[in-house]
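Please look through the structure below before reading on. The text then goes from the whole chain to single residues.

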Amino acid sequence: MTMIDADRVLSVINIDALDDRALFNREPEPRDYSAEDRAGRIERRKARWTPTALIGWPTSASN
């Protein structure tokens with residue numbers, strides 16, 4: 001997933017999409033974002049997602 005915030009691009013990836021996913025062996029932690037509103041979701045993503053440089057990708061992203 002990718003999010004554009006002003007002039008920053010942030011992203012996150014599901015480790016199950018990686019060839020070496022077995023290297024990520026930390027026990028999963030349950031998450032429940034059902035009570036989160038849009039503003040809260042954006043703030044959480046800004047704090048936890050990785051800064052990203054998009055090369056050759058479209059300029060739009062989902063929130």
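What follows covers the fold, the strands, the salt bridges, one loop residue and a surface patch.

The model is predicted, and its local features are described only where pLDDT is at least 70. The chain contains 1 helix and 3 strands. Taken in sequence order, these elements give the pattern β-β-α-β. The radius of gyration is 14 Å, whereas the globule rule gives 11 Å for 63 residues; the chain is therefore more spread out than a compact globule. Along the principal axes, the C-alpha atoms occupy a box of roughly 35 × 35 × 15 Å.

Some totals for the chain add to this picture. Of the 63 residues, 14% are buried, where buried stands for a relative accessible area under 20%. The accessible surface amounts to about 5500 Å², and carbon and sulfur atoms account for 53% of that surface. As for contacts, those between residues at least 6 apart in sequence were considered; 65% of them join residues at least 24 apart.

The strands come next. In what order do the 3 strands lie in the sheet? The order is 1-2-3, the sheet is open, and the pairing is antiparallel. Strand 1 (2-5) and strand 3 (50-51) are the edge strands, each pairing on one side only. Strand 1 and strand 2 run antiparallel and are joined by 4 bridges. Across from Met-3 stands Leu-10, which belongs to strand 2.

Between strand 1 and strand 2 there is a loop, and Ala-6 is found in it. The phi angle of Ala-6 is near 55°, which is a positive value in a residue that is not glycine. For comparison, a negative phi is what most residues other than glycine have. Is Ala-6 buried or exposed? With a relative accessibility of 71%, Ala-6 counts as exposed, the cut-off for that class being over 50%.

The charged side chains can be taken together. Side chains of opposite charge can pair when their charged atoms come close. The structure has 5 salt bridges. One of these salt bridges joins Asp-5 to Lys-46, with 3.6 Å between the closest N and O atoms. Asp-5 belongs to strand 1 and Lys-46 to helix 1, so this pair ties together parts of the chain that are 41 residues apart in sequence. Asp-5 is partly exposed, at a relative accessibility of 22%. Lys-46 is also partly exposed, with a value of 28%.

Lys-46 has a salt bridge with Glu-43 as well, and here the closest N and O atoms are 3.2 Å apart. Both of these residues, Lys-46 and Glu-43, are in helix 1, where a separation of 3 residues is about one turn of the helix. Glu-43 has a relative accessible area of 47% and is partly exposed. Which residues make up the network of salt bridges that includes Lys-46? The network links Asp-5, Glu-43 and Lys-46. Within this network, the pair of Asp-5 and Lys-46 connects strand 1 with helix 1, while the pair of Lys-46 and Glu-43 lies within helix 1.

Another salt bridge is formed by the side chains of Arg-31 and Glu-29, at 3.4 Å from N to O. Arg-31 is partly exposed at 44% relative accessibility. Glu-29 likewise counts as partly exposed, at 44%.

The last stop is a nonpolar part of the surface. Which residues make the nonpolar surface patch of about 310 Å²? The patch is made by Ile-15, Leu-23 and Phe-24. Leu-23 sits in the loop between strand 2 (8-11) and helix 1 (38-48). Phe-24 is likewise placed in the loop between strand 2 and helix 1. Leu-23 has a relative accessible area of 65% and is exposed, whereas Phe-24, at 47%, is partly exposed. Both values meet the patch requirement of over 30% relative accessible area. When neighbours within four places in sequence are set aside, Phe-24 is in contact with Ile-15 and Leu-18. Of these two contacts of Phe-24, Ile-15 is also named as part of the patch.

How values were computed: Residues are numbered from 1 along each chain as its sequence is written. This is a predicted model: local features need pLDDT of at least 70, side-chain atom pairs count only at pLDDT 80 or more; totals for chains, interfaces and linings use all residues. Side-chain values use heavy atoms; hydrogens and water are left out. Patches are made of residues with over 30% relative accessible area and no salt bridge: like charges are joined within 9 Å, nonpolar side chains (Val, Leu, Ile, Met, Phe, Trp, Tyr) within 5 Å. Accessible areas come from the Shrake-Rupley method with a 1.4 Å probe; for residues, only the protein chains shown count as cover. A salt bridge is a side-chain nitrogen of Lys or Arg within 4 Å of a carboxyl oxygen of Asp or Glu. Helices (H or I, at least four residues) and strands (E, at least two) are DSSP runs, numbered from the N terminus. Buried means under 20% relative accessible area, exposed over 50%, partly exposed in between (1.4 Å probe, protein chains only). The radius of gyration is taken over C-alpha atoms; the globule rule is 2.2 Å times the number of residues to the power 0.38. Contact means heavy atoms within 4.5 Å. Two strands pair if DSSP finds at least two bridges between them.
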